[in-house]
Amino acid sequence: MSGKANTPAKAKKTVAKSEAPKAKKPAVKTAAKTATKAVAADAKKRRHTFFYQAEPGSVVSVAGCFNEWKPNDKVLKDKDGSGSYQCTVMLSPGTYQYKFCVNDTWCIDPANPNFTPNDMGTLNSVLEIE
């Protein structure tokens, strides 16, 4: 009986040894590849400045597929109080739909002639980043 008890224990050790290195190597390679891809993606991003002309004292923000349509994430600033609002975002090359939110009213970009219908029955402005 003692010979049979040792056999399964040896088999478990062999399996454990052969599986451990395989589990570690892909994890290290995957982490390195992920880090490289993140750096490459950041290198491709471009600055884009959104502009909107509104009444001084307005609350102006921009929302789109680049920030999950959250208008409070990108608020435009009117630095000199003239009603010229702007904010800059970093965007990877691609096509983006967006809208401005001015005093809680959604608006397309009046300076951008590119737009597309949306699921709400209105329009979204379209921005192309090369």
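**Questions on a predicted model**

Trainee: Does N103 count as buried, exposed or partly exposed?
Mentor: The relative accessibility of N103 is 43%. The class of buried residues ends at 20% and that of exposed residues begins over 50%. Because 43% falls in between, N103 counts as partly exposed. Please keep in mind that this is a predicted model, in which the class of N103 is partly exposed.

Trainee: Where does N103 lie, and what is its phi?
Mentor: N103 lies in the loop between strand 4 and strand 5, the latter covering residues 105-107. N103 is not a glycine, yet its phi is positive. The value is about 50°.

Trainee: Which residue in the loop between strand 2 and strand 3 has a positive phi of about 60°?
Mentor: The residue is not a glycine, although its phi is positive. Its place is the loop between strand 2 and strand 3, and at 33% relative accessibility it counts as partly exposed. The residue is W69.

Trainee: How many helices and strands does the protein have, and in what pattern do they follow along the sequence?
Mentor: The protein has one helix and seven strands. Read along the sequence, the helix precedes the strands. The pattern is therefore written α-β-β-β-β-β-β-β.

Trainee: What percentage of the residues is buried?
Mentor: The protein has 130 residues. A residue belongs to the buried class when its relative accessible area is under 20%. The buried share of the protein is 25%.

Trainee: Among contacts between residues at least 6 apart in sequence, what percentage joins residues at least 24 apart?
Mentor: One pair with a long separation in sequence is P71 and F100, which are 29 residues apart in sequence and 7.9 Å apart in space, C-alpha to C-alpha. That distance runs between C-alpha atoms, whereas a contact requires heavy atoms within 4.5 Å. For the contacts themselves, the share joining residues at least 24 apart is 65%.

Trainee: Is C87 buried or exposed?
Mentor: C87 is found in strand 3, which covers residues 84-91. Its contacts beyond four places in sequence include H48, T49, F50 and V62. Because its relative accessibility of 10% is under the 20% limit, C87 counts as buried.

Trainee: What distance separates the C-alpha atoms of C87 and V62?
Mentor: Along the chain, C87 and V62 are 25 residues apart. In space, V62 is one of the residues that C87 touches. The C-alpha atoms of the two are separated by 8.6 Å.

Trainee: Which residue's backbone oxygen does the side chain of S61 reach?
Mentor: S61 lies in strand 2 and is buried, with a relative accessible area of 6%. Its contacts beyond four places in sequence include K74, V75, L76 and K99. The side chain of S61 reaches a backbone oxygen at 3.0 Å. That oxygen belongs to P71.

Trainee: What is the relative accessible area of P71?
Mentor: P71 lies in the loop between strand 2 and strand 3. Not counting residues up to four places away in sequence, P71 touches S61, V62, A63, C101 and W106. P71 is nevertheless partly exposed, and its relative accessible area is 21%.

Trainee: What kind of aromatic pair do F66 and Y96 form?
Mentor: The structure has six aromatic pairs. In the pair of F66 and Y96, the rings lie 6.3 Å apart, centre to centre, with 70° between the planes. Because planes over 60 degrees apart belong to one class, and 70° exceeds that limit, the pair is edge-to-face.

Trainee: Which residues form the aromatic cluster that includes F66 and Y96?
Mentor: F66 sits in the loop between strand 2 and strand 3, while Y96 belongs to strand 4, 30 residues apart. Y96 is buried, with a relative accessible area of 12%. The cluster consists of F50, Y52, F66, Y96, Y98 and F100.

Trainee: Which residue forms a salt bridge with E68?
Mentor: The structure holds one salt bridge. E68 is exposed, with a relative accessible area of 61%, and its partner is partly exposed at 40%. The closest N and O atoms are 3.6 Å apart, and the partner is K70.

Trainee: How many disulfides does the structure hold?
Mentor: A disulfide is a covalent bond between the sulfur atoms of two cysteines. Among the cysteines here, C65 is partly exposed at 40% relative accessibility, whereas C87 is buried. The number of disulfides is zero.

Technical notes: Residues numbered from 1 in each chain as written. Predicted model: local features only at pLDDT ≥ 70, side-chain atom pairs only at ≥ 80, totals over all residues. Heavy atoms only, no water. Helix = DSSP H or I, 4+ residues; strand = E, 2+ residues; numbered from the N terminus. Buried < 20%, exposed > 50% of the residue type's maximum accessible area, 1.4 Å probe, protein only. Phe/Tyr/Trp six-rings, centres within 6.5 Å; stacked < 30°, edge-to-face > 60°. Polar contact = N/O pair within 3.5 Å; in protein donor to acceptor, adjacent residues only side chain to side chain. Salt bridge = Lys/Arg side-chain N within 4 Å of Asp/Glu carboxyl O. Disulfide = S-S within 2.5 Å.
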